[in-house]
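Me: I should like to go through the reasoning behind several of the labels given to this structure. Please set each value against its criterion.

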Amino acid sequence: MIKIELLEKDKKQKKLSFVLKNTNAAFANTLRRSAIGEVPIMAIEDIEFRNNSSALYDEIIAHRIGLIPLTTDLKSYNLPDKCKCNGKGCAQCQLKLTLKVRGQGTVYASELKSTDPKVKPVYPKTPITKLLKGQKLELEATAILGRGKDHAKWCPGLVYYKNMPVININKQCKNPELVIEQCPQNVFEIKNNNLVVNKDNLLKCHLCNACVDICEPKGAIILDNTNKDFIFYVESWGQLSCKEIIDEALKIIKDTSNEFIKEIKKKPVKKKASEK
Ligand SMILES: [Zn+2]
């Protein structure tokens with residue numbers, strides 16, 4: 001059975017790490033891909049410019065605004081293709097934000113006025129452009145839910161994993177000082193004249209094999225990276241919490257698996273004799 005052991009949870013830094021135990025690379029990668037590619041978040045998709053006398057073209061400003069992370073409320077909004085309006089656009093699948101500024105000075109993301117207080121820029125101090133005296137920027141933007149597989153602006157964060165390092169020191173290593181010096185992550189230390197693994201730093205090991213290569217005699221250190229445990233790291237861009245990203249990713253895996261089973265259980269369509 002798959003087990004999870006929490007390593008670190010930092011809400012302020014929007015980071016989470018955990019060990020996924022007793023699984024395989026296929027599942028670990030499915031979880032990663034589901035999290036970065038399938039979990040929907042809000043981002044601005046369409047912009048109607050009313051006035052733009054800034055130094056930047058409409059397209060550049062539109063691109064910059066599209067990449068501004070917006071806090072996402074998954075309970076109140078649907079993906080356009082799953083909405084009752086069939087993607088035409090309604091209050092359940094999109095929302096408007098407006099911007100109206102007159103120079104001079106820097107235009108910040110905080111000046112985007114949202115019609116829903118739950119959806120607003122995560123980082124208010126994100127600069128959009130600079131205006132000179134008298135220059136104007138006025139626009140209306142439409143934000144929708146989307147998936148990271150369609151555009152990076154809908155990717156909720158960084159999700160990656162590595163194999164759990166298991167280091168076995170078999171024989172007496174003849175050059176422990178060199179091994180300690182070569183390891184970039186300070187995984188080793190000397191205790192009672194013996195080379196041992198520093199347990200506090202073990203998880204920092206990124207399986208570079210420097211210790212295996214430098215240690216004399218050969219084979220004294222064995223680095224096992226083929227076990228069934230994986231260390232996962234989640235860093236949110238701010239639209240959703242790390243927990244929401246993983247919860248939603250797992251829900252999507254479950255839903256698609258159920259759909260798959262349903263399709264398999266269907267009776268095969270009988271072909272007419274003429275089609276055979
Ligand atoms: Zn709709």
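Me: What makes strands β1 and β2 a pair?

Reply: In this predicted model, β1 (residues 3–10) and β2 run antiparallel and are joined over seven bridges. Pairing requires at least two bridges, so the criterion is met. One of the contacts places K9 opposite L16 in β2. The two strands form a hairpin with four residues between them, and K14 in the turn has a positive phi of about 55°.

Me: How do you know that β2 also pairs with β14?

Reply: Six bridges link β2 to β14 (residues 230–236), again in the antiparallel sense. Since at least two are needed, these strands count as paired. L20 has F230 as its bridge partner in β14. As for covering, five of the seven residues of β2 (residues 15–21) are buried.

Me: Why is the site of the zinc ion called tetrahedral?

Reply: The ion is coordinated by the SG atoms of C83, C85, C90 and C93, at 2.2 to 2.4 Å. Each of these distances lies within the 2.8 Å limit, so the four sulfur atoms count as donors. The angles among them are 101 to 114°. All must lie between 85 and 135 degrees, and therefore the site is tetrahedral. In sequence, the donor residues follow the spacing C-x1-C-x4-C-x2-C.

Me: Why is C90 called partly exposed, and why is C93 called buried?

Reply: The relative accessible area of C90 is 24%, which falls between the cut-offs of 20% and 50%, so C90 is partly exposed. For C93 the value is 2%, which is under 20%, and C93 is therefore buried.

Definitions and conventions: Residues numbered from 1 in each chain as written. Predicted model: local features only at pLDDT ≥ 70, side-chain atom pairs only at ≥ 80, totals over all residues. Heavy atoms only, no water. Donors = N, O, S within 2.8 Å, 3.2 Å for Na, K, Ca; no water. Tetrahedral: all angles 85-135°; square planar, octahedral: opposite > 155°, others 65-115°. Buried < 20%, exposed > 50% of the residue type's maximum accessible area, 1.4 Å probe, protein only.
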